[in-house]
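Let's walk through this one together, as a short round of questions and answers.

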Amino acid sequence: MRLAGLLGVKHVVTMSGTPGSDPDAKYPSWVVNPWDGVYMDVLDYQRGVAVGFWKEIDALARENDVRVAIEMHPHNLVFSPVTLKRLVDATGATNVGAEMDPSHLMWQGMDVIASIKWLGPLVFHAAAKDATLCPGADIRGVLDTSFTRVAAEAPGKVPTGYGIWPENPAWKFVAVGLGNDVPFWAEFLVALAEIDPDMAVNIEHEDAAYSQTEGLSLAAKNLHSAAAAL
């Protein structure tokens, strides 16, 4: 954030992080459905940790004239519009908001356009990234636990398992326009422009069926078509 301020970069994109379940925890703990009281206790502890941390981050961002855009990403305390706003409200943040990567909202079953409108000016920054549900969702649900470790000898291995999807997955990332059609992306652009006409929309390519240049080209083509339809 200090470097961004010196360079005149106005937005820094990150994720919220996930504390452990208690002060002695060694690993993060993502609570997704706290219907059981013990998970409420975990969330109370995690939110306390997060509020203290993000108050400091918000102050540092304000000091350096930057805004921090949190990608609402599963495995993090902030993974939806509601959890994003809860963090902002709890911290009283002025320089913390959302990075609107729609793909993670898509596979969780959220309405992306409604999410943008609900967050309104809390959307600071955006990515164009697509996702689609697959037949495997019928028996796996969207919280798909069928991912496995990536083999040590796998070519191009990265720790996220990118490009190595389970057989018959519940969902996957696809090139922009292959999960949602051009009219959807036109709505996406309109919703963002209503918040900030100058907001950049950055292509994020994670479709393993296409090379980097192929995926970028397809996404650009579909986004230009969406923009032309406005």
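Helices (H or I, at least four residues) and strands (E, at least two) are DSSP runs, numbered from the N terminus. This is a predicted model, where local features need pLDDT of at least 70, side-chain atom pairs count only at pLDDT 80 or more, and totals for chains, interfaces and linings use all residues. Residues are numbered from 1 along each chain as its sequence is written, and side-chain values use heavy atoms, with hydrogens and water left out.

Q: How many residues apart in helix α3 are Lys85 and Asp89?
A: Their side chains meet in a salt bridge (a side-chain nitrogen of Lys or Arg within 4 Å of a carboxyl oxygen of Asp or Glu), at 2.9 Å from N to O. About one helical turn separates Lys85 and Asp89 in α3 (residues 81-91), the spacing being 4 residues.

Q: Which residues are linked with Lys129 in a network of salt bridges?
A: Lys129 pairs with one partner at 3.7 Å between the closest N and O atoms, namely Glu204. Lys129 lies in the loop between β4 and β5 (130-133) and Glu204 in the loop between β7 and α8, so this pair ties together parts 75 residues apart in sequence. A salt bridge at 3.1 Å joins Lys129 to Glu206. The network thus links Lys129 with Glu204 and Glu206.

Q: Is Lys129 buried or exposed?
A: Buried means under 20% relative accessible area, exposed over 50%, and partly exposed in between (1.4 Å probe, protein chains only). Its partner Glu204, at 25%, is partly exposed. With 2% relative accessibility, Lys129 counts as buried.
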